Amino acid sequence: MSATTFEAANNRPISHRSSMHRQRAWALWGSYAALGAFVVVFLVPPFYMLMTSLKSSAEISAQKGSPWIVHHPTLANFWYLITYPNFQTYYLNTVIVTVLTVVLSMTIAILAAFSLARMGFWGSQTLATGVFLTYLIPASLLFLPLFRVIGFLGLINSYWCLVLLYPTLAVPFCTWIMIGYFSSIPKELDEAALIDGAGYLQMLFRIFIPVAMPGIIAATIFAFTISWGAFLYPLAYLYTSNQMVLTVGIVSDLIRGDVFEWGKIMAANVLASLPPILIYAFLMDYYVAGLTAGATKG
Amino acid sequence: MADGTSVPVGVIAPGVVARPRGSMKKFAQRRSTIAVCLCLPLIVLVAGFVIYPAFYAIYLSMLNKKMTAFVGLSNFAFLLKRHTFQLVIFQSCLFAITAVVFKALIGFILAHLMHNVPGKNQRIWRGLLLVPWVIPLALSTLTWWWMFDPSYSALNWVLEELGFRAVPWLGVGWIARFCTITVNVWYGTPFFMIMYLAALKSVPEQLYEAASIDGAGAVQKLFFVTLPMMRNIIAITVLFSLIVTFADFDIVRILTSGGPEDMTHVFATYAFQVGIQSGDIPLGAADSLFMFPILAFAAFFVLRGVTRRSKEIAV
């Protein structure tokens, strides 16, 4: 557009401009090429997971030809898993644990974030920082003493212990995300609500939760991811297959001794990875926004 | 909504202000009581399942194996003398530091590449690159294990096709260490990428324009504009990732279970082996307690730097 006006006036800027333009185009294509290479490398394991899941046990044990492609695709592994009662149990347990964890974590996080971001009390600032610092005490430090605590509560080998423990992993970050979103709501809004005679809970439900919905979605996805994929706690506390969740169930059930049924393991991986992948495919933007909002602000 | 509610503010507000002091005080008191109540679930959760177990771990670590007698610090002394545990300390640091450095570097490069790509395509590329991070780590590590499989390894097949010799991926100490780090880098890089991408977008365009007017090249822009503007986010992301990587359990547990010859054990997997599998909870607790001072040390310096820099910006 502006190039034509320049053309009339003077010849030199054009060549300069087009070389700039060419440089930009090169940079763009270079970026695409490099990104493409990275994407290929990064997607190798998921691709191989999918390929193996479509192979029959016979094809895997034959060890002939390229392992990277399927010669005789079959859905037998998936069919086996879908009709395998243990796998159904793992899936159901994971869904129950995840839903309860998400509900519990979000309730705790929203109430606390509302209080910390808006109401405040003696020591609330310290609490807000302190909660986040609990990540300095990771699960791999806590699982041994918690083994005794869970044993005391009588919840060893019961997936209910996960419903109690997973929120400790999710709540600090969820609270942090929610504090960020709640603080960005203009103060006039809740002053107005207070004056109109709204109670604090009414204010939370009528104003804060609807306005901070993107933050709630982001925090929910975080809690979901944590509880869907956690491995250490269920591995340490669950023993029998009727209580196991997917991550541990796949590792301990489908690997019997030295027999690896890789086709089935990979098919189970695909089935277990589907819910997170679908959720991210649709809600990724919220998640990324929520994740980065706090960091770029601070 | 904002318009509708903002009208009464001016109308009724004087009434509130005119309230006698006593009721105002009561109002504030009631307010903080409710505030504490709303925080109560959080406090109970953190106190019950994080703070209390953390102190309980300290107590446990000073008991003997059967948890019948108090033995002071002898568990710690025993661990420090043990060759396996010296390996654990070295490997945990090697694992965490190498992995975080590579994640930060590759994430930085990816964020820059992504920043060059126009907005609409960016979403697709970002989505594709986020896949490693989305799949539950325990499951994708299983896939990696299958790729490293000694008998029918997909990676060895490629090497052999290219005329190289097969590599015993998880069978030899240093190669196994390399493998665990690779899986962690693969898994964690997308997190760095999206954090850095957000940071890059938050750098004002004028700064770059001003820099080019002053004659700065691309490298100078990177070192004198981009990096200083991103320092806080880089610091926070590195700290967060360092904590998660240092405490990582899934990768080593599934890929090698600490082998070969304990050359890949990290604090978490060693604590699991000693505490759950051998049933020596006190020794396992002592092992995992070593993580805290190291993490707290790192956090202290990173967070001190961050608050100092934010204060400089605020001033």
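**Briefing: two chains, their domains and their interface**

The centres of domain 1 and domain 2 of chain A, taken over C-alpha atoms, are separated by 36 Å. Domain bounds here come from an automatic or database domain assignment. The model is predicted: local features need pLDDT of at least 70, side-chain atom pairs count only at pLDDT 80 or more, and totals for chains, interfaces and linings use all residues. Residues are numbered from 1 along each chain as its sequence is written, while chains are lettered from A and ligands numbered from 1 in the order in which they are written.

**Domains of chain A**

- The assignment splits chain A into domain 1 (2-62) and domain 2 (78-297).
- Eight residues from domain 1 of chain A and seven residues from domain 2 of chain A take part in the contact; two residues are in contact if their C-beta atoms, placed from the backbone, lie within 7 Å.
- On the domain 1 side, the elements of chain A that give two or more residues are helix 3 (44-53) and helix 4 (57-62).
- Helix 3 of chain A gives the most to that side, with four residues.
- By class, that side of domain 1 of chain A has three nonpolar, four polar and one charged residues. Ala, Val, Leu, Ile, Met, Phe, Trp, Tyr, Cys and Pro count as nonpolar, Asp, Glu, Lys and Arg as charged, and the others, Gly among them, as polar.

**Chain A as a whole**

- Chain A holds 15 helices and two strands. Helices (H or I, at least four residues) and strands (E, at least two) are DSSP runs, numbered from the N terminus.
- Its radius of gyration is 26 Å, whereas a compact globule of 298 residues would have one near 19 Å. This radius is taken over C-alpha atoms, and the globule rule is 2.2 Å times the number of residues to the power 0.38.
- The C-alpha trace of chain A spans about 80 × 70 × 30 Å along its principal axes.
- Of the 298 residues in chain A, 44% are buried, meaning that 20 or more other C-beta atoms, placed from the backbone, lie within 10 Å of the residue's own (exposed: 12 or fewer; partly exposed: in between).
- Among contacts in chain A with a separation of 6 or more, 76% join residues 24 or more positions apart.

**Chain B as a whole**

- Chain B has 14 helices and zero strands.
- Domain 1 (20-60) and domain 2 (74-314) are assigned in chain B, and their centres, over C-alpha atoms, are 35 Å apart.
- The radius of gyration of chain B is 26 Å, against a value near 20 Å for a compact globule of 315 residues.
- Along its principal axes the C-alpha trace of chain B covers about 80 × 65 × 35 Å.
- Buried residues form 39% of the 315 residues in chain B.

**Helix 5 of chain B**

- The 16 residues of helix 5 (residues 119-134) should span 22 Å at 1.5 Å a residue (1.5 Å times one less than the number of residues), and the end C-alpha atoms are 22 Å apart, which agrees.
- A kink of about 30° sits at Leu128(B), shortly before the proline Pro132(B); the bend is the angle between axes fitted to the seven residues ending there and the seven starting there.
- Buried residues of this helix include Trp125(B), Arg126(B), Pro132(B) and Trp133(B).

**Interface between the chains**

- In chain B, 83 residues are in contact with 84 residues of chain A.
- Helix 2 (residues 21-60) of chain B gives the most to the chain B side, with 18 residues.
- That side has 69 nonpolar, twelve polar and two charged residues.
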